[in-house]
Every structure is written in C-alpha cells, then in structure tokens.
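I opened my notebook to look through one protein model. These are my entries, in the order I made them.

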Amino acid sequence: MRWAWACMSSRGRVLAVRWLGRRGYEQVYLLQKELVEARIRQEIPDTLILVEHFPVFTLGRGARDEQFRVPVRQIEALGLKIIPVDRGGQVTYHGPGQLVGYPIFDLTRHRQDLHWTLWALEEILIRFLKDFGIAGERRKDYPGVWVGEKKIAAIGIGVRRWVTYHGFALNINSDLNYFRLIYPCGIRDQGVTSLAEILGERVEITGDLLEKVVFYTGEVFQLEGEILSDEPRISGVAQEKIHKQSSCR
C-alpha cells in the first residue's frame, strides 16, 4: 500500500503527505535530508512523511551510553542498529507497529518558533488520541505525549534554515519489550505504552488511522486535503550514500 495526499488550504498553502509503509531508518533519513533541501529551495510544498521502521535505536544530541539498560554489545548481538542522529532529545526506539511522522515544514510560513512547533506536533497526537477516548497530556520538560504515567509518543525535531525534519513516533501496537533495553528519552522512572495496550486490543495502522493523523495535521497547521496517488523515490545520490554507510558497518 503506497499513498500520497496533497493538501490545499483556503489560503493556498499546500501540504503533501507520503505514506511509505515499512522502510529502513537510514533510507528515510536520507529522504528527509533531500526533501529538506528541496523545501529550502521552494521546489516542494510542506511535506509530511508517514512510515513504520524496522527495529532500530536512534540517539539524539543529548544521548549518552548510560541510557541503555543493557550493554550495547548485547543490543548489537540481537542484530539491532544504534544510529546517532541530528535531532534533539535522547535515545528512543523505532519499529513495526509504531507510526512515525516526519514533517518537512517551512516554519517561515507558519511560526518561527520551535516551542510552538513541538506544541503543534503534540497537539496533533492529543487530538488523535481523543478519537479513541484517550486523554493525552503534555509534561513540562518532557516533549511528547503521555497517558497517565506512561509515554505513548516521543517527539524530537531538527531544523535547517527554518525547515523542520525528524518529528514524532506514536506507539500504535509496538512491541514494548524493546523499550526495556533503554531508558526512553533518558527517563528512568516512567513507562512507555501503546494505543493497543491502552485499548486492550490490537490496532492496525490502516488507512482510516492514517487519515486521522493527516486530518489533525491539517487542522493544527490550517490545511485541508485530498488523496492523490504517488510513489516517493530516493535519488541515486542518496541510494549511493546508503550503500556506503552499509558497507562501513
């Protein structure tokens, strides 16, 4: 299943939304970087990438080795990659059953305010959870969305010339055992949950679920949408970088 949406606001601002299905982290990271440069050159509209990743841990700029509950070699022995990235925040996990959203947004067309941008991404997910009768909450000093004492969504962004990348990771039916290998976001005394755990039933990442996220993204950023067909591709240059990175491991 590969979809793309194009969104047009009443004020003429366009948002392209790409659902990639399940992809490797490095591949989508390089796609983000390409889209950021294209957005800076005003060659594309604001773009939201939606994707699931294969299991991987990523380290934000604030991450340290002691954020792992087990020796790093034990994680690597499981075949899991640990990838340093240029976003805020600390260590987190991505994997199947988690909906990841990467907004490639030009903040000069919204608000040049990173605190507001974090608030806006949280607001999208809080409104989404409300559709399931779940009260998502913010916590001071801990970006993301919480349900009670457990975190259901992590948020961390990067910005280049006021164009955002990275974004949010919302646990839909994630295998929460992976989070037991780390202190998610560096938080040692709080847990992690998922939509499926809260509802007590499996929840699939379906088109209806994706459309809710797209709808609330449009609502928060004042955009409207319609579904188009498209197959996003990564350039040959990016593919070559992926090959070189893989060869270095």
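**A loop with two unusual residues**

I started at Trp162, which I found in the loop between strand 10 and strand 11. The model is predicted, and I kept that in mind throughout. I looked up the backbone angle phi of Trp162 and got a value near 65°. That is positive, and Trp162 is a residue other than glycine. I noted the general rule beside it: most residues other than glycine have a negative phi.

Next I checked Arg161. Arg161 lies in the loop between strand 10 and strand 11. Its phi is positive too, about 50°, although Arg161 is not a glycine.

Are these two loop residues buried or exposed? Arg161 has 60% relative accessibility, so it counts as exposed. Trp162 has a relative accessible area of 33%, so I wrote it down as partly exposed.

**The protein as a whole**

I stepped back for an overview. I looked up the secondary structure and got six helices and 13 strands. The protein has 249 residues, and 52% of them are buried.

I also looked at contacts between residues at least 6 apart in sequence. Of these, 75% join residues at least 24 apart.

**A three-strand sheet**

I picked an open sheet of three strands. I wrote its order as 5-4-6, with mixed pairing. Which strands stand at the edges? They are strand 5 (81–84) and strand 6 (91–94). Each has a single partner strand, so one side of each is left without a neighbour in the sheet. I looked up the turn between neighbouring strands as well: it is 25° on average, direction ignored.

Then I followed one pair. Strand 4 covers residues 56–59, and it pairs with strand 6 in the antiparallel sense. I noted four bridges between them. Thr58 stands opposite Thr92, which belongs to strand 6.

What packs on this sheet? I found helix 1, residues 25–40. Helix 1 touches strand 4, strand 5 and strand 6. Its direction makes about 20° with that of strand 5.

**An enclosed strand**

I moved to strand 3, residues 46–53. How many of its residues are buried? I got eight of the eight, so strand 3 is largely enclosed by the rest of the structure.

I then sorted these residues by face. In a regular strand the side chains alternate between the two faces of the sheet. On one side of strand 3 I listed Asp46, Leu48, Leu50 and Glu52. On the other I listed Thr47, Ile49, Val51 and His53. All of them are buried, and both faces are covered.

I looked for a partner too. Strand 2, residues 14–23, is joined to strand 3 by seven bridges, and the two run parallel. Arg23 stands opposite His53 in strand 3.

**Empty space inside**

I searched next for cavities. Rolling a probe the size of a water molecule over the atoms shows where empty space is left. The search of the whole structure gave two cavities of 30 Å³ or more. The largest has a volume of about 80 Å³.

Which residues lie nearest the centre of the largest cavity? I wrote down Thr92, Ala154, Asn171, Phe179 and Val192, out of 13 lining residues. Thr92 was already in my notes, as the residue opposite Thr58.

I sorted the lining of the largest cavity by class: nine nonpolar, three polar and one charged. I also asked where the lining comes from. Strand 6, strand 10 (150–160) and strand 11 (163–171) each supply at least two residues. Strand 10 gives the largest share, four residues.

**Two residues of one helix**

My last entries are about helix 3, residues 114–130, where I found Ile126. Its relative accessible area is 16%, so Ile126 is buried. I left aside its neighbours within four places in sequence and listed its contacts: Gly136, Glu137, Arg138 and Val145. Arg138 is twelve residues from Ile126 along the chain, and their C-alpha atoms are separated by 8.7 Å.

His115 lies in helix 3 too. Is His115 buried or exposed? At 67% relative accessibility, His115 counts as exposed. I checked His115 against Pro143, 28 residues apart along the chain. Their C-alpha atoms are separated by 9.7 Å.

Key: Residues are numbered from 1 along each chain as its sequence is written. This is a predicted model: local features need pLDDT of at least 70, side-chain atom pairs count only at pLDDT 80 or more; totals for chains, interfaces and linings use all residues. Side-chain values use heavy atoms; hydrogens and water are left out. Two strands pair if DSSP finds at least two bridges between them. Axes are lines fitted to C-alpha atoms, for helices over the stretch in contact, and angles run from 0 to 180 degrees between N-to-C directions. Contact means heavy atoms within 4.5 Å. On a 1 Å grid over the protein atoms alone, a cavity is a set of points where a 1.4 Å probe fits but cannot get out, and a pocket is an open set with protein on both sides within 12 Å along at least five of seven lines; lining residues have an atom within 4 Å of a point. Grid points are joined across faces, edges and corners, and a volume is the space filled by probe spheres set on the points. Ala, Val, Leu, Ile, Met, Phe, Trp, Tyr, Cys and Pro count as nonpolar, Asp, Glu, Lys and Arg as charged, and the others, Gly among them, as polar. Buried means under 20% relative accessible area, exposed over 50%, partly exposed in between (1.4 Å probe, protein chains only).
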